[in-house]
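Please take a moment to look at the sequence and the model shown below, and then follow the paragraphs that lead through its open and enclosed spaces.

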Amino acid sequence: MNSIEQLLRQSIGLHAPAIGPASIERVVNARMQSRGLKRSEDYLELLKKSPVEWNALVESVVITETWFFREPQALAALARLVLNEWLPAYPTGRVRLLSLPCASGEEPYSMAMALLDAGVPPDRFHIDAADISARALISAEQARYGRNSFRGQDLAFRDRHFQSTREGYVLKPALRKQVHFHQANVLEAGWLKETGGYDFIFCRNLLIYFDRANQQKTLQALRRLLIPSGVLFVGPAEMSLAIVSGFVSANLPLSFACRTDDLLKQPVKQRPRPDRPLPKRNHLERLTAPASISPVAARKLPAGLAFTASAAPAENPPVDLDHAQRLADEGRLSEAAAICEAHLRQFGVSAQAYYLLGLARDAVGAASQAGEFYRRALYLDPGHYQTLVQWASLSEKNGDTARARILLTRAERAKPTALES
Ligand SMILES: C[S@@+](CC[C@H](N)C(=O)[O-])C[C@H]1O[C@@H](n2cnc3c(N)ncnc32)[C@H](O)[C@@H]1O
């Protein structure tokens with residue numbers, strides 16, 4: 001079984017501990033049964049010589065869970081950036097966007113809906129979308145969706161862009177033609193090599209399934225595909241991974257957006273001259289990282305739950321949860337966690353502090369500790385929206401779909417009005 005896990009990690013990046021080795025074992029056992037094999041050694045041999053079986057295994061093992069307007073603040077931020085910055089800066093041409101991985105299409109179609117609904121003309125943007133799963137891409141091309149793809153409370157977009165049929169909600173052709181699907185393995189050299197030069201890339205909820213080496217490899221590839229002033233959107237638990245790999249926060253709250261720091265690293269005279277002008281607004285100003293805050297040593301949290309931060313000790317970090325939230329939005333989760341721990345010591349229990357501690361543990365793959373913090377946050381504040389969403393996402397990742405559903409239903413009820421989009 002270990003050799004099969006290793007093969008999956010090397011070929012598609014899937015890191016067994018991220019989804020639980022038992023999940024891979026279950027899938028492999030089912031595949032072996034369907035091929036009439038009893039020994040995993042024989043199955044490994046079959047995998048090595050049969051592309052058909054290899055593809056079948058990949059299709060069974062990938063997690064294609066997605067829905068429309070997942071993390072809606074990211075889509076709202078994208079629409080604002082295109083409308084307020086990109087279009088005024090480039091009077092002609094198309095803004096280029098990439099959704100990778102796109103799974104069954106909900107993400108790239110949400111990008112298209114967000115842009116069209118914001119008033120971006122359809123001939124001013126081009127969206128590429130890629131995934132390793134042929135099955136997911138076929139669904140994406142069919143663009144027919146069931147209720148599971150619509151999880152928000154505000155589903156007005158469904159009335160605008162879909163036709164309701166007996167077989168499900170069918171996306172209108174005007175929207176479908178905005179998105180161009182490709183099959184690609186992000187870890188294979190040369191994927192999408194003829195494209196590139198993207199202004200905006202969404203790579204959400206993929207890195208969490210990879211080990212550190214494959215996370216870095218993927219982030220380097222994304223950096224090459226992004227133009228110097230481009231923006232990368234990642235998943236909530238992936239921001240710190242991007243920051244560690246040299247991205248900097250784009251300072252767009254709850255959007256989990258970052259930019260490359262390439263421009264900052266180069267002497268002013270040698271900065272690249274793209275064939276089209278950079279946006280008028282000076283991105284460099286916003287690229288400047290805020291003054292760094294270092295963590296406070298954790299003392300009073302129960303053993304095993306204390307967050308071990310690696311940065312140098314701070315002189316006087318403000319023990320302020322808003323500040324901790326801002327650090328978390330920038331992906332500086334260990335610093336945010338240290339502030340939360342100090343806050344708990346100084347002011348006692350707090351749902352927000354536990355939520356941020358959960359997020360920090362979540363980001364480093366410490367699922368059970370993260371769950372414990374989320375549980376504490378909800379005990380104190382059963383309607384804590386961000387905790388409900390994050391814990392749902394963690395449960396889903398761990399295969400606990402029943403808990404994920406319950407938490408998402410509660411999140412929908414608890415959603416603050418300002419976040420409804
Ligand atoms: C959880 S979905 C994320 C979809 C969407 N980005 C979102 O956040 O809702 C993860 C997707 O990653 C795809 N995937 C996994 N490994 C991949 C790889 N090596 N290259 C490209 N796509 C991959 C899977 O097929 C799956 O559709």
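Which helices each supply at least two residues of the lining of the largest pocket? In this predicted model, the helices that do so are α2 (16-19), α11 (212-225), α12 (239-244), α16 (333-347), α17 (351-363) and α19 (385-397). The largest share, four residues, comes from α12.

The space in this largest pocket amounts to about 670 Å³. Its lining is made up of 31 residues, and those closest to the centre of the pocket are Arg 212, Leu 241, Ala 363, Val 364 and Gly 365. Sorted by class, the lining of the largest pocket holds 17 nonpolar residues, together with eight polar and six charged ones.

From the pocket we can turn to the ligand, which sits in the largest cavity. Around the ligand there are 20 residues, and the closest of them are Thr 66, Arg 70, Pro 101, Asp 131 and Asn 205. This shell consists, by class, of 10 nonpolar, five polar and five charged residues.

Several side chains place polar atoms beside the ligand, and they can be taken one at a time. In the side chain of Arg 70, an N or O atom is 2.8 Å from an oxygen atom of the ligand. A nitrogen atom of the ligand lies 3.1 Å from a polar side-chain atom of Glu 107, and for Asn 185 an N or O atom of the side chain is 2.9 Å from a nitrogen atom of the ligand. On its own the ligand has 610 Å² of accessible area, of which the protein covers 97%.

Key
Residues are numbered from 1 along each chain as its sequence is written. This is a predicted model: local features need pLDDT of at least 70, side-chain atom pairs count only at pLDDT 80 or more; totals for chains, interfaces and linings use all residues. Side-chain values use heavy atoms; hydrogens and water are left out. A residue is near a molecule or strand if one of its heavy atoms lies within 4 Å of it. A polar contact is a pair of N or O atoms within 3.5 Å; within protein, one must be able to donate a hydrogen and the other to accept it, and residues adjacent in sequence count only if both atoms are side-chain atoms. Accessible areas come from the Shrake-Rupley method with a 1.4 Å probe; for residues, only the protein chains shown count as cover. On a 1 Å grid over the protein atoms alone, a cavity is a set of points where a 1.4 Å probe fits but cannot get out, and a pocket is an open set with protein on both sides within 12 Å along at least five of seven lines; lining residues have an atom within 4 Å of a point. A molecule sits in a cavity or pocket if more than half of its atoms lie within 2 Å of its grid points. Ala, Val, Leu, Ile, Met, Phe, Trp, Tyr, Cys and Pro count as nonpolar, Asp, Glu, Lys and Arg as charged, and the others, Gly among them, as polar. Grid points are joined across faces, edges and corners, and a volume is the space filled by probe spheres set on the points.
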